[in-house]
Amino acid sequence: MRVTQRLTLDADALFDFDKASLRPAGRVALDEFLSSIKTITPETITATGHADRFGSEAYNQRLSERRVQTVKSYLVSRSIDANRIRAEGKGESQPVTKPGECLGAKSAKVIACLQPDRRVEVEIVGTQIN
C-alpha cells in the first residue's frame, strides 16, 4: 500500500536562530520521525526549508537551503538513501504567518511571533510494510 507521511519541524527546535547547524533537540526530533516511518519503504522524501522575513531575500534563501541540506545530511547519516531525498529551500517566500501579523522592527517579540515561518517540512512517500 502506498502511503504519504508529512512532518513539519519547528526550525527553532532544529537550529539556533539564524544558524544552520543541527541542535541536539533537532537530532532527537529527526530520530523520532525516522522511528515513526520504520514501517515505510521510502520511494521519495522531500525536505523543504523555510525562513522568516528578517534579512534580505537572498540571505533567507541561502539560510533555508543550508538548513534543509543539514537535515538531508542527517537523514543520510541515518541510512536514508541520498538519491531518494530531494531538498529545497524556499527562503521567506511561503510564510505561515498572515500579512499584518508580527508587525514591527526586529525584537524578541516579533522574532517569537514569526517562529512558525522558520520551519522544515519533510514529506515521505513510500510503500507500507506489513
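An open sheet of 4 strands, with mixed pairing and the strand order 1-4-2-3, is the element with which this briefing begins. The model is predicted, and the mean pLDDT of the protein is 92, with 100% of its residues reaching 70 or more. The points below go from the sheet to the helices that lie on it, then to the contact between two of those helices, and finally to confidence.

**The sheet**

- Because strand 1 (2-10) and strand 3 stand at the edges and each has a single partner strand, one side of each is left without a neighbour in the sheet.
- Neighbouring strands of this sheet are turned against each other by 15° on average, when direction is ignored.
- Strand 1 and strand 4 (residues 119-128) run antiparallel and are joined by 9 bridges; within this part of the sheet, threonine 8 has glutamate 121 of strand 4 as its bridge partner.

**Helices on the sheet**

- Helix 2 lies across strand 1 and strand 4, and its direction is at about 165° to strand 1.
- Helix 3 also packs on the sheet, where it touches strand 2 (40-50), strand 3 and strand 4, and its direction makes about 160° with that of strand 3.

**The contact between helix 2 and helix 3**

- Helix 2 (residues 24-36) and helix 3 (residues 57-77) pack at an angle of about 55°, and their axes are 11 Å apart.
- That angle makes helix 2 oblique to helix 3, because angles from 65 to 115 degrees count as roughly perpendicular, those under 35 as roughly parallel and those over 145 as roughly antiparallel, with the rest taken as oblique.
- The crossing of helix 2 and helix 3 is right-handed.
- On the side of helix 2 the contact is made by Arg27, Leu30, Asp31 and Leu34, while helix 3 contributes Val71, Tyr74 and Leu75.
- By residue class, the contact of helix 2 with helix 3 divides into 5 nonpolar and 2 charged residues, with no polar ones.

**Confidence along the chain**

- Confidence in the protein is lowest in helix 1 (residues 11-14), where the mean is 84.
- At the other end of the range, confidence is highest in strand 3 (residues 85-89), at 97.

Definitions and conventions:
Residues are numbered from 1 along each chain as its sequence is written. This is a predicted model: local features need pLDDT of at least 70, side-chain atom pairs count only at pLDDT 80 or more; totals for chains, interfaces and linings use all residues. Side-chain values use heavy atoms; hydrogens and water are left out. Axes are lines fitted to C-alpha atoms, for helices over the stretch in contact, and angles run from 0 to 180 degrees between N-to-C directions. Helices (H or I, at least four residues) and strands (E, at least two) are DSSP runs, numbered from the N terminus. A crossing is left-handed if the near helix is turned anticlockwise from the far one by less than a right angle, and right-handed if clockwise. Contact means heavy atoms within 4.5 Å. Ala, Val, Leu, Ile, Met, Phe, Trp, Tyr, Cys and Pro count as nonpolar, Asp, Glu, Lys and Arg as charged, and the others, Gly among them, as polar. pLDDT is the predictor's confidence in each residue, from 0 to 100. Two strands pair if DSSP finds at least two bridges between them.
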